[in-house]
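Student: I have a model open and some labels to check. Can we go through the reasoning behind them?
Tutor: Yes. Ask about one label at a time.

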Amino acid sequence: MENQHDDNCCLFTPSIITVTVSVVLIAITRVLYILCQSGKPLRPSKSPKPLSTLIVLGSGGHTAEMINVLNVLLQKDRFCPRFYVAAATDNMSLQKARLLEENVFNLNGGKGGSTQFLQIYRSREVGQSYITSIGTTFLALVHALWLMIRIRPQVVLCNGPGTCVPLCVISFLFKMVGVRWSSVFYVESIARVRKLSLSGLLLYKLRIADQFFVQWPQLQRKYPRAHYVGCLM
């Protein structure tokens, strides 16, 4: 009986190793494929279909810059429906987004489709202790996951607020498991002249952003995978 039990253990152990190695190899192959495909721009088409777009806003200058980018560059008929997301304590940013939709997009006669304005929990408020931020960070991640499952955007557009990081990470995980291929477009703030913001650095180093744009030539020289687009303000 003991010999038979030992033989079964010997047979079972290689099986576990084989399965584990197979899973790891599949995961590595999937990551390499995503990294290879992620840097490519959206394919042009004669009759492009609308793309559901998640636009991440941030307090202060982040929203002002994003509104300006949307006003100048966004093809409103292609990037729709649009979902504007801001922190739960940031009502001003969503008000500016509503004004943009009402006074610019709608008045220009675009077929913008449905537009929604959503809020997401912050990982950490200004002045909050690091101990209590552990719980709020977990809550923010869960909320971000629920939001991304609900929206499943094809495009994520952001420019630096900390609230964009969990949303962009989740979009990358969606690519990994095949839930949705979301293209992340990151525009670094014009205030960043010599080095990237923490959000930008994370998305750049982890290769989560499909297209990474900077507004200063010295930043592009320092981070060669970034695209220099000049001043957007």
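Student: Start with the strands. What makes strand 2 and strand 3 a pair?
Tutor: Remember first that this is a predicted model. Strand 2 and strand 3 (residues 115-120) are joined by six bridges, in the parallel sense. A pair needs at least two bridges, so strand 2 and strand 3 qualify. One of the bridges links Ala87 to Ile120 in strand 3.

Student: How do you know that strand 1 pairs with strand 2?
Tutor: By the same test. Strand 1 (residues 53-56) shares four bridges with strand 2, in the parallel sense. At least two are required, so this is a pair too. Leu54 has Phe83 of strand 2 as its bridge partner.

Student: What path does the chain take from strand 1 to strand 2?
Tutor: The chain runs through helix 2 (residues 61-73), making a right-handed β-α-β crossover.

Student: Why is strand 2 called largely enclosed?
Tutor: Buried means under 20% relative accessible area. Six of the six residues in strand 2 (residues 82-87) are buried, so the rest of the structure largely encloses strand 2. For the whole protein, 39% of the 233 residues count as buried.

Student: What makes helix 5 largely enclosed?
Tutor: Ten of its 14 residues are buried, so the rest of the structure largely encloses helix 5. Among them are Cys164, Leu167, Phe172 and Lys175.

Student: How do you know that the span of helix 5 agrees with its number of residues?
Tutor: Helix 5 (residues 164-177) has 14 residues, which at 1.5 Å a residue should span 20 Å. The end C-alpha atoms are 20 Å apart, so the two values agree. Just after helix 5, Gly178 has a positive phi of about 80 degrees.

Student: Now the loop between strand 4 (155-158) and helix 5. Why is Asn159 called buried?
Tutor: Asn159 sits in that loop. Its relative accessible area is 2%. The cut-off is under 20%, so Asn159 counts as buried.

Student: What makes the approach of Asn159 to His62 a polar contact?
Tutor: A polar atom of the Asn159 side chain lies 2.8 Å from the backbone oxygen of His62. The limit is 3.5 Å, so the distance fits.

Student: Which other residues does Asn159 contact, beyond its neighbours within four places in sequence?
Tutor: Besides His62, they include Val56, Glu65, Met66, Tyr186 and Glu188.

Conventions:
Residues numbered from 1 in each chain as written. Predicted model: local features only at pLDDT ≥ 70, side-chain atom pairs only at ≥ 80, totals over all residues. Heavy atoms only, no water. Buried < 20%, exposed > 50% of the residue type's maximum accessible area, 1.4 Å probe, protein only. Helix = DSSP H or I, 4+ residues; strand = E, 2+ residues; numbered from the N terminus. Right-handed = clockwise from strand over helix to strand, strands pointing away. Expected span 1.5 Å × (residues − 1). Polar contact = N/O pair within 3.5 Å; in protein donor to acceptor, adjacent residues only side chain to side chain. Contact = heavy atoms within 4.5 Å.
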